[in-house]
Amino acid sequence: MAIKTKGVHHMAFLSRDMDETVRFYTDVMNFPVVVTLQLPDPDPFPGAVPGDLGGAKHYFFDIGNGDRLAFFWCPKDELAPNFAKLCAGKHIAFAMEPAAD
């Protein structure tokens, strides 16, 4: 069975300062924030990545044409120093066709 995508839904990266990230992407680039997700505390995914993701936020910006740019922000300073090198928080997500019943 072939997987059918509708393109890229979003690409995600880490932000060290979400206020600065929001200011830049909304004020300079004119990309509005369209979705903000907040992870519960305590960390809902313990051990999935180094550090504690409890209370982390995932912000999505509309960059046009139905495409999104997203950033993770973690409120705790408990992330491992090599968190970004491990590619934690960086990903690409594809928009998918609904699964057939």
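A nonpolar surface patch is built from residues with over 30% relative accessible area and no salt bridge, whose nonpolar side chains lie within 5 Å of one another. In this predicted model, Val8, Met11 and Phe13 make such a patch, with an area of about 220 Å². The chain has one helix and five strands, and the points below walk you through them topic by topic.

**How far to trust the model**

- The chain has a mean pLDDT of 79, and 76% of its residues reach 70 or more.
- Helix α1, residues 18-28, has the highest mean pLDDT among the elements, at 93.
- At the other end of the scale is strand β5, residues 91-96, whose mean pLDDT of 70 is the lowest among the elements.
- Keep a general caution in mind here: where pLDDT is low, the predicted coordinates should not be read in detail.

**The overall layout**

- If you follow the chain from the N terminus, its elements come in the order β-α-β-β-β-β.
- The chain has 101 residues, and 28% of them count as buried.
- About 7000 Å² of the chain is exposed, and carbon and sulfur atoms supply 57% of that area.
- Take the contacts with a separation of 6 or more: 63% of them are between residues 24 or more positions apart.

**The nonpolar core**

- The largest nonpolar core has seven residues: Met18, Tyr25, Phe31, Tyr59, Phe61, Leu69 and Phe71.
- Three elements give two or more residues each to this core, namely α1, β3 (57-64) and β4 (67-73).
- Tyr59 is a good residue to click on in the structure, with contacts that include the core members Met18, Leu69 and Phe71.
- Leaving out residues up to four places away in sequence, Tyr59 also touches Val22, Val33, Val35, Thr36 and Ala70.

**Strand β1 and its surroundings**

- Val8 of the surface patch belongs to strand β1, which covers residues 5-14.
- Why can Val8 be part of a surface patch? Val8 has a relative accessible area of 35%, so it passes the patch cut-off of over 30%.
- His10 also sits in strand β1, but with 8% relative accessibility it counts as buried.
- The C-alpha atoms of His10 and Gly66 are 9.4 Å apart, although 56 residues separate the two along the chain.

**Where the two ends of the chain meet up**

- Met96 is part of strand β5 and is partly exposed, with a relative accessible area of 40%.
- Along the chain, Met96 and Ile3 are 93 residues apart, yet their C-alpha atoms are separated by 8.2 Å.
- Setting aside neighbours within four places in sequence, Met96 is in contact with Ile3, Lys4, Thr5 and Lys6.
- Remember that β5 has the lowest mean pLDDT among the elements when you look at this spot.

**One salt bridge**

- The count of salt bridges comes to one.
- Which residues form it? Asp62 pairs with Arg68, and their closest N and O atoms are 3.4 Å apart.
- That distance of 3.4 Å counts as a salt bridge because the cut-off is 4 Å.
- As a general idea, side chains of opposite charge can pair when their charged atoms come close.
- Asp62 is partly exposed, with a relative accessible area of 24%, and Arg68 is partly exposed with a value of 24% as well.

**Unusual backbone spots**

- Some background first: most residues other than glycine have a negative phi, and most peptide bonds are trans.
- Asn30 is not a glycine, yet its phi is positive, at about 60 degrees.
- You can find Asn30 in the loop between α1 and β2, where it is exposed, with a relative accessible area of 62%.
- Asn65 is another non-glycine residue with a positive phi, here about 55 degrees.
- Asn65 lies in the loop between β3 and β4 and counts as exposed, with 79% relative accessibility.
- Where is the cis peptide bond? The cis bond joins Asp41 and Pro42, and its omega is about 20 degrees.
- Pro42 belongs to the loop between β2 (33-38) and β3.

Notes: Residues are numbered from 1 along each chain as its sequence is written. This is a predicted model: local features need pLDDT of at least 70, side-chain atom pairs count only at pLDDT 80 or more; totals for chains, interfaces and linings use all residues. Side-chain values use heavy atoms; hydrogens and water are left out. pLDDT is the predictor's confidence in each residue, from 0 to 100. Helices (H or I, at least four residues) and strands (E, at least two) are DSSP runs, numbered from the N terminus. Patches are made of residues with over 30% relative accessible area and no salt bridge: like charges are joined within 9 Å, nonpolar side chains (Val, Leu, Ile, Met, Phe, Trp, Tyr) within 5 Å. Accessible areas come from the Shrake-Rupley method with a 1.4 Å probe; for residues, only the protein chains shown count as cover. A salt bridge is a side-chain nitrogen of Lys or Arg within 4 Å of a carboxyl oxygen of Asp or Glu. Buried means under 20% relative accessible area, exposed over 50%, partly exposed in between (1.4 Å probe, protein chains only). A nonpolar core is a set of buried Ala, Val, Leu, Ile, Met, Phe, Trp, Tyr and Cys residues joined through side-chain atoms within 4.5 Å. Contact means heavy atoms within 4.5 Å.
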